[in-house]
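Reader: I'd like a close look at one part of this model, the sheet that runs across the two chains. Could you walk me through how it is put together and what the contact around it looks like?

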Amino acid sequence: MYISNWDTFCKRAEEIYIAHPNKTRYTHKYRHVDSQLVLKVTDDVTTIKFRTNQANDMKKLLEFNALMFKHTTSAAPTPAYVSSAEKAAAAAASSSSSSPSL
Amino acid sequence: HLPIVYSISATMVLLENDAFLTDLNKLFLRKKEKGSVWVTFKSYSEEDKRGKKRRVEEGADKSVAAPSCLLRATDGDKIKISTIVKSKDLPRFQQAYSNILLVNMDSLKKKAKKKKAKKAKA
């Protein structure tokens, strides 16, 4: 149920949402005392979770929230998550294509 | 001296976006010493309220309205608040929401890189 790889969690979460947009819900739970943050996505059949205690992961939380805001307000959600590996590949591709030829 | 939360009632209170954000902030402040804060996102479309599709009159607009985002927040006990965010309000709401999280979720651990480097040298 707990997924430790962030990209895997996001892709899986998106799959679950797009398959059942009416049933899927996303929850985040924060415990200040324990420094714990848990993200949970479920459609009442499949449940996945991601947990962390790292301040660095706030960025992940906000990105995931943005993704969920976008999906819950669109009539026909399509996969939109771009993993960090894909972003790096895209950045490398665009920088190599824009470099001046000698 | 705990901040006053507008809605401690053990029933769900539906609020306007701004009131929800204010109460969410207060909920986080309230739960600093003890407890958890849950926030749930769900897709909400008004037309499915009764679970049946209403009879569409001839000539009526058949396009499905874009759903809204239903947000709920709770402390797992008595405080339950919710709000509905429409896509037109989304950018402003998302900005404010992110700020509330950044300000309040500050007990997460920072990486202690410098300490490790010192230990390695010694």
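Author: Here is a walk along the sheet, strand by strand, and then a look at the contact between the chains.

Keep in mind that this is a predicted model. The sheet is an open one of seven strands, in the order E3(A)-E2(A)-E1(A)-E2(B)-E3(B)-E4(B)-E1(B), and its pairing is mixed. At the edges stand strand E3 (47–52) of chain A and strand E1 (13–15) of chain B; each has a single partner strand, so one side of each is left without a neighbour in the sheet. Ignoring direction, neighbouring strands are turned against each other by 20° on average.

Let's take the chain A part to begin with. E1(A) and E2(A) run antiparallel and are joined by seven bridges. They make a hairpin with four residues between them, and in its turn A:Ser35 has a positive phi of about 55°. Within this pair, A:Arg25 stands opposite A:Thr42 in E2(A).

A:Arg25 is worth a pause. Its side chain is in a salt bridge with A:Asp44, with the closest N and O atoms 2.8 Å apart. A:Asp44 sits in the loop between strand E2 (36–42) and E3 of chain A, while A:Arg25 is in strand E1 of chain A, so the pair ties together parts that are 19 residues apart in sequence. A:Arg25 also has a bridge partner in the other chain, namely B:Lys42 in E2(B).

That takes us to the seam. Strand E1 (residues 25–31) of chain A pairs with E2(B) over six bridges, in the antiparallel sense. Going along this pairing, A:His28 stands opposite B:Val39, and A:Lys29 is set against B:Trp38. As a general point, strands of a sheet pair through backbone hydrogen bonds, either parallel or antiparallel.

Further into chain B, E3(B) and E4(B) are antiparallel too, with six bridges. One of the matched pairs here is B:Cys69 with B:Val85 in E4(B). Their hairpin has five residues between the strands, and B:Gly76 takes a positive phi near 80° there. The parallel part of the mix comes with E1(B) and E4(B), which are joined by three bridges. In that pairing B:Leu14 stands opposite B:Ser82.

What packs on the sheet? Helix H1 (residues 17–30) of chain B does, touching E1 of chain A as well as E1, E2, E3 and strand E4 (80–85) of chain B. The direction of this helix makes about 140° with that of E4(B).

Now for the contact as a whole. It takes 36 residues from chain B and 34 residues from chain A. About 3,100 Å² is buried between the two chains, and carbon and sulfur atoms give 64% of that. B:Phe41, B:Leu108 and B:Lys109 supply 22% of the area that chain B buries against chain A, more than any other three residues.

How many salt bridges and polar contacts cross this interface? The rule finds zero salt bridges between chain B and chain A, but twelve residue pairs in polar contact. Over all chains, the whole structure has seven salt bridges.

On the chain B side, the elements that give two or more residues to the contact are strand E2 (37–44), strand E3 (68–74) and helix H2 (90–104). H2(B) gives the largest share, eight residues. By type, the chain B residues that touch chain A divide into 17 nonpolar, ten polar and nine charged.

Terms used: Residues numbered from 1 in each chain as written. Chains lettered and ligands numbered in written order. Predicted model: local features only at pLDDT ≥ 70, side-chain atom pairs only at ≥ 80, totals over all residues. Heavy atoms only, no water. Contact = heavy atoms within 4.5 Å. Buried area = accessible area lost by both parts, 1.4 Å probe. Salt bridge = Lys/Arg side-chain N within 4 Å of Asp/Glu carboxyl O. Polar contact = N/O pair within 3.5 Å; in protein donor to acceptor, adjacent residues only side chain to side chain. Nonpolar A, V, L, I, M, F, W, Y, C, P; charged D, E, K, R; others polar. Pairing = 2+ DSSP bridges. Axes fitted to C-alpha atoms, helices over the stretch in contact; angles between N-to-C directions.
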